[in-house]
Amino acid sequence: MRTYKEQIHSLQELLRTDGQPHPRVALGHAEADARLSGGLACGTLHEVFAGDAAAATGFTTALALRASGQKQLLWIRQDFSALEQGELSATGFLDLGLDPSRVILLRAANASDALRAGADGLSCSGLGAVVMEIPGNPKILDLTASRRLVLAAERKGVTAFLLRPDARAEASAAETRWIIRAAPSPENEDDDWGSPIFDAQLARNRHGGTGHWIMEWSCDDGYFRQTNSGAVVSAPADRPAATPLRRAG
Amino acid sequence: MRLYAVDAKAAKLKLAPGMPLADARARIPALNVVEADEPADAKLLNAIADWCERFTPLVALDAPHGLLLDVTGATHLFDGEKALLDRIRKALAKLGFAVRGAIAGSAAAARALAHYADGTIAPPQREAETIAPLPIAALNLDYAITHGLRRAGLKTIGQVASRTRPELTSRFGKQMVFLLDHALGKIEKPISPRRAIPDFLAEHRFAEPVATQDVIEASISSLAQNIAAMLEKHGQGARRMEAAFFRADGAVHRIAIETGAPVREPKIVERLFRERLDSLHDPLDPGFGFDVIRLCADKAERMKPETIGFDANDNIDKEIAFLTDRLSARFGSHRVLRFQSQDTHIPEAEAVTVPAQQARSHSWKRGETQRRPLRLFAKPEPIEAMAEVPDGPPLRFRWRRALHSVARAEGPERIAMEWWRHQESMPTRDYFRVEDREGRRFWLYRDGLYGREHPRWFVHGVFA
């Protein structure tokens, strides 16, 4: 139960933040950064949907790395997604360029706990980013819930990420929505392949246009790179769809 | 079968514990006999001990039917020793128990008096004369020793006490003399309470039992401030705090919080208790109300005085610590974790998760050569694979009903299981990093070698 005073206060806060644009951090991929008006907006909510769960996890890790700077990171994962997609590996994080000692891992029993922990994390300005890994489309993760996450992120400037494997895209207040699939390693390099490469679709962008690119992550530098191929990808006809995606909202 | 216990009426009819049942039945044909249930008795004794903790946290079991309460320094809270003893006896009698009780300066003396001189309160420092007239059985010594004392003609405690110590030691041993002198009040021997003695303690006793949320929260708040003052005087903070709620009907609820670093700031303590209370499946049920609310602080450690830090990093660390404590209080410390590296090359053991509140910071070194997957399956998943024999990478494999064609492969990276840890010989694992035609990257391994064992293939992890 919120009093009028509290509601007005939070609206004022919202206007204040909207007045000043969110600080943005460059991803390193020239075209994507341009479409994002300079880079990924900090202190707000971003959604990453999985065409491929592993790729989406890596992409979210990369975004969280860019957004959190040197600060600590809270990764909330639901028990179910550990069974389905596997546990997060400290050495895997290290490989991508994220120092595992920067990570607080929270195992949530269900979506409600995950959202609650996320909200608590977003209230801690000592964190750089909060990642909530919530599989499927639980009822509790609705438009209102996403709005609350946006407000919480803006209040203390902590960037929030919703990693959503096996989920349909729905109405949401998120600043950007990405759909991530795996992309093959470039043809020419034979020996040193395996750098994370993503087929990244910016499906929704509140303050700019959409786009679709191949984005390679440089683990050593901590930036994205535009690969030589660079061109927009069209989904090959024979590729099986990993999840049915319906655009809404 | 023998009699285990008799009630007052049966005792009057000269029945006593130890008498054979047949004899008892012969004397009194219409005897009401119930089978003894010692486990149930023990449970009940523990429940009564819980109830007694509202008077003092130092309660020890004196099996099978007794309790020892250390009420040193607490009797003034109850208008004196006699009032306290009466109160306990009345309350227990009301609950349906026959009670004998006594108060003395030593546990053994109190016990002796309770059994043989019910209701006595030994004057301070006068245990020796108070228990002197009691029979030697009251000392609760070994049967052999008691028998030996009787044969020596010693019938009361006073008679034994008048003997010289060397005499007694040579005949009955040092331990017996120690127990005797302890009973006489000459030697201190603290009881072994069921719960560890808390480092600091503050409590509220309510004349009328309290049941409303606000009063309970206000009480916790005030107790937290009392404890904070005590901790501050000692320059310490606590890493564990437990709140005990004693219901008027006897039940006790206990809620505990733990923190990574010592704390004493009341607001932090209150917030952590609130998180814990919120997360309970069944909310704290006051029943008819709480008589006593007690807050104990444990694991007290030196703590720097809380100054407003000008160092931004210090503040950030404190904020993160508070966040970790809050999340642990709400979700349980087994769910809030940090990574810790391990000295092993076994992939699933290279890093473990430890509760965040216990983790100590350390650095990670990035592996020079091999890449590692971002997600690892706790149980590697078996797959059907077609590979070049004898030790080539897979060309195709089926996982979770989907077929994957391998476009690139690197390996094998041979990881031998730590043979020095296992009894039977463990197969070696040959790990391959593969990429399928769509760009998905997997970490597979072959368990065993073609030609030797029947090899099996698994997916262990996936790369970004």
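Buried means under 20% relative accessible area, exposed means over 50%, and partly exposed is in between (1.4 Å probe, protein chains only). Keep that handy for the exercises below.

This is a predicted model, where local features need pLDDT of at least 70, side-chain atom pairs count only at pLDDT 80 or more, and totals for chains, interfaces and linings use all residues. Residues are numbered from 1 along each chain as its sequence is written, chains are lettered from A and ligands numbered from 1 in the order in which they are written, and side-chain values use heavy atoms, with hydrogens and water left out.

**Exercise 1. Work out where Glu47(A) and Arg177(A) sit, and how their side chains meet.**

Step 1: check the cover. Glu47(A) has a relative accessible area of 2%, so it is buried. Arg177(A) is buried too, at 1%.

Step 2: check the pairing. Their side chains form a salt bridge, 3.5 Å from N to O. A salt bridge here is a side-chain nitrogen of Lys or Arg within 4 Å of a carboxyl oxygen of Asp or Glu.

Step 3: place the partners. Glu47(A) belongs to strand 3 (residues 45-50) of chain A and Arg177(A) to strand 9 (residues 176-182), so this pair links distant parts of the chain, 130 residues apart. Strands (E, at least two residues) and helices (H or I, at least four) are DSSP runs, numbered from the N terminus.

**Exercise 2. Find two salt bridges that join strand 11 and strand 12 of chain B.**

Step 1: take Glu410(B) and Arg433(B), whose side chains meet at 2.9 Å, N to O. Glu410(B) lies in strand 11 (residues 402-415) and Arg433(B) in strand 12 (residues 429-436), so the pair ties together parts 23 residues apart in sequence.

Step 2: compare their cover. Glu410(B) is partly exposed at 30%, while Arg433(B) is buried at 6%.

Step 3: now take Asp430(B) and Arg414(B), with their closest N and O atoms 2.8 Å apart. Asp430(B) is in strand 12 and Arg414(B) in strand 11, 16 residues apart.

Step 4: look at the cover again. Asp430(B) is buried at 1%, and Arg414(B) is partly exposed at 48%.

**Exercise 3. Which side chain of opposite charge is nearest to Asp298(B)?**

Step 1: locate Asp298(B) in strand 6 (residues 290-302) of chain B.

Step 2: look for a partner. Asp298(B) is buried yet has no salt bridge, and the nearest side chain of opposite charge is Arg240(B), 4.0 Å away. Lys and Arg count as positive, Asp and Glu as negative; His and the chain ends are not counted.

Step 3: see what Arg240(B) does. Arg240(B) belongs to a network of salt bridges with shared partners, including Asp50(B), Glu242(B) and Lys299(B).

Step 4: list the surroundings. Leaving aside neighbours within four places in sequence, Asp298(B) has contacts (heavy atoms within 4.5 Å) that include Ile197(B), Pro198(B) and Arg240(B).

**Exercise 4. How spread out is chain B?**

Step 1: count the elements: 13 helices and 14 strands.

Step 2: use the radius of gyration, taken over C-alpha atoms, and the globule rule (2.2 Å times the number of residues to the power 0.38). Chain B comes to 33 Å, well over the 23 Å given by the rule for 464 residues, so it is more spread out than a compact globule.

Step 3: add the box, roughly 95 × 65 × 50 Å along the principal axes for the C-alpha atoms.

Step 4: note that 41% of the 464 residues are buried.
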